[in-house]
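Welcome! Please open the structure in your viewer and get ready to select a few residues and helices along the way.

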Amino acid sequence: MKKILITGGAGFIGSHVVRRFVNKYPEYHIFNLDALTYAGNLENIKDIEHNPNYTFIKGDIVDETFINKLFSVHNFDGVLHLAAESHVDRSIKDPLAFVKTNVIGTMNLLNAAKNQWMGNYEGKRFYHISTDEVYGSLGAEGLFTETTPYDPNSPYSASKASSDHFVRAYGATYDLPYVLTNCSNNYGSYHFPEKLIPLFINNIINNKSLPVYGDGNYTRDWLYVEDHAAAIDLVFHKGKNHETYNIGGFNEWKNIDLVKLLCQLMDQKLGRNEGTSHQLITYVKDRPGHDLRYAIDSTKINKELGWKPSVTFEEGLGKTIDWYLSNSEWLQNVTSGTYKDYYKKQYS
Ligand code: NAD
Ligand code: TYD
């Protein structure tokens, strides 16, 4: 039985990846390593927690001794590394936390894999999951390709860029068999309500204002999280060593247009009069260093591995809203306690 380590599997994207791998690959034993920070939640993977091919391990990737021991005990065949500090606004307030987890944590995993595998790389693979934000900001035209130079603007994207560089360096220097993907903005179920879409869904439900940064004319390329999990599955199994693949939705939306669509759909689903949620839109102070536009060219993964998004944005957004409306307990649990302090500090 192959032993696969997935880091960050109690978070948003990680929980979808863990669920997919546990259910689809009974021949793998999946070890989910997660520190359970504010963003990690065992409720996200409750449905698979008793599967015989699944083990949860609570632990911090920044803890070098712990990571080395974990690798020597289990001798993993593959690593899918998703654990990260992931929110740009938090990175502006506490950049060092991002260096610790995203850079040092990734280094610890790279070293542990390299030392454990000792150059005997047959059947081994280190998969680093990253973001399109490492490429910086686009103007009105163009798309990020795999050869776009890195130009990160936020402490979050700088820390992810740094970790990407280390992964590549371990490939070049030690021949570590890695694959790397840079994906655009995800949305879907189990998304922590600090990011735009789940935050605004939660605020609309609770009749709270919708804080649009700046003039709202910032553009993101949105991808349904299960399509990202499918791409990760494909790259892990079929991607070429030492290659990078961009993953995106071919689905660009200006924030303000997305927010208007969300308001319209929420009014319909909640049985409110048309225009009710729209009145909650409030323009607030802009995010410092706010990247104007992200958009991914996914041609390489499409041509070489045959991946493309499976749902339209309207379908995906509809499913996402339905999930939040029928999981009010999950939403209430994650927005109690420390979330309230975060919200006050960020938006007051
Ligand atoms: P998330 O914040 O929802 O989850 C991160 C998970 O990592 C949490 O479960 C958390 O507990 C865990 N974690 C954090 N620090 C840890 C540590 N020191 N040790 C062990 N576990 C720790 O993040 P996400 O949105 O699911 O993103 C997952 C990965 O995908 C990240 O690497 C992120 O950079 C990347 N990514 C995210 C998006 C997006 O739109 N969310 C897009 C592209 C790439
Ligand atoms: P976010 O979900 O934080 O993702 P990222 O910054 O990683 O792209 O934000 C998506 C866009 O929405 C981004 O342009 C910032 C904007 N935004 C707001 O206008 N208001 C908010 O309260 C948040 C969280 C984001």
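Start by selecting helix 8 and helix 10, which are oblique to each other because angles of this kind fall outside the parallel, antiparallel and perpendicular ranges. Their axes cross at roughly 50° and come within 11 Å. Keep in mind as you look around that this is a predicted model.

Now turn the view until one of these helices passes in front of the other: the crossing of helix 8 and helix 10 is right-handed. To see the contact from the side of helix 8, show Leu258, Leu261, Leu262, Leu265, Met266, Lys269 and Leu270. From helix 10, add Phe313, Leu317, Gly318, Ile321, Asp322 and Leu325. Colour these residues by class and you will find 10 nonpolar, one polar and two charged.

While helix 8 is still selected, go to Asn255, which belongs to this helix of residues 255–270. Is Asn255 buried or exposed? Its relative accessibility is 11%, under the 20% cut-off, so Asn255 counts as buried. Leaving aside neighbours within four places in sequence, show what touches Asn255: Leu196, Gly216, Tyr218 and Arg220.

Next, look at helix 10 by itself. How far apart are its end C-alpha atoms? They are 20 Å apart, which agrees with the 20 Å that its 14 residues should span at 1.5 Å a residue. Select the buried residues of helix 10, namely Phe313, Gly316, Leu317, Gly318, Thr320, Ile321, Trp323 and Tyr324. Around them you can pick out what they pack against: strand 7 (185–187), helix 6, strand 9 (219–224), strand 11 (252–254), helix 8 and helix 11 (328–334).

Helix 6 is the next stop. Select residues 196–205 for helix 6 and residues 313–326 for helix 10, and see their axes come within 11 Å and cross at roughly 50°. These two helices are therefore oblique to each other, and helix 6 passes helix 10 in a right-handed crossing. On the helix 6 side, the contact is made by Ile197, Pro198, Ile201 and Ile205. Helix 10 brings Phe313, Leu317, Thr320, Ile321, Tyr324 and Leu325. By class, this contact of helix 6 with helix 10 has nine nonpolar residues, one polar and no charged ones.

Follow the chain into the loop between helix 6 and strand 8 (210–213), and stop at Asn207. The phi of Asn207 is near 55°, a positive value in a residue other than glycine. Asn207 has a relative accessible area of 48%, and is partly exposed.

For another positive phi, select helix 4 (95–117) and then Met118, in the loop between this helix and strand 5 (125–131). Helix 4 has 23 residues and reaches 32 Å from its first C-alpha to its last, close to the 33 Å expected. Just after helix 4, Met118 takes a positive phi of about 45°, although Met118 is not a glycine. Its relative accessibility is 68%, and Met118 counts as exposed.

Finish at Gly59, in the loop between strand 3 (54–58) and helix 2 (64–74). With 12% relative accessibility, Gly59 counts as buried. Which residues does Gly59 touch, not counting those up to four places away in sequence? Show Leu33, Asp34, Ala35 and Phe66 to see them. As a last step, check the C-alpha atoms of Gly59 and Leu33, which are separated by 6.2 Å although the two residues are 26 residues apart along the chain.

Technical notes:
Residues numbered from 1 in each chain as written. Chains lettered and ligands numbered in written order. Predicted model: local features only at pLDDT ≥ 70, side-chain atom pairs only at ≥ 80, totals over all residues. Heavy atoms only, no water. Axes fitted to C-alpha atoms, helices over the stretch in contact; angles between N-to-C directions. Helix = DSSP H or I, 4+ residues; strand = E, 2+ residues; numbered from the N terminus. Parallel < 35°, antiparallel > 145°, perpendicular 65-115°, else oblique. Left-handed = near helix turned anticlockwise from the far one by under 90°. Contact = heavy atoms within 4.5 Å. Nonpolar A, V, L, I, M, F, W, Y, C, P; charged D, E, K, R; others polar. Buried < 20%, exposed > 50% of the residue type's maximum accessible area, 1.4 Å probe, protein only. Expected span 1.5 Å × (residues − 1).
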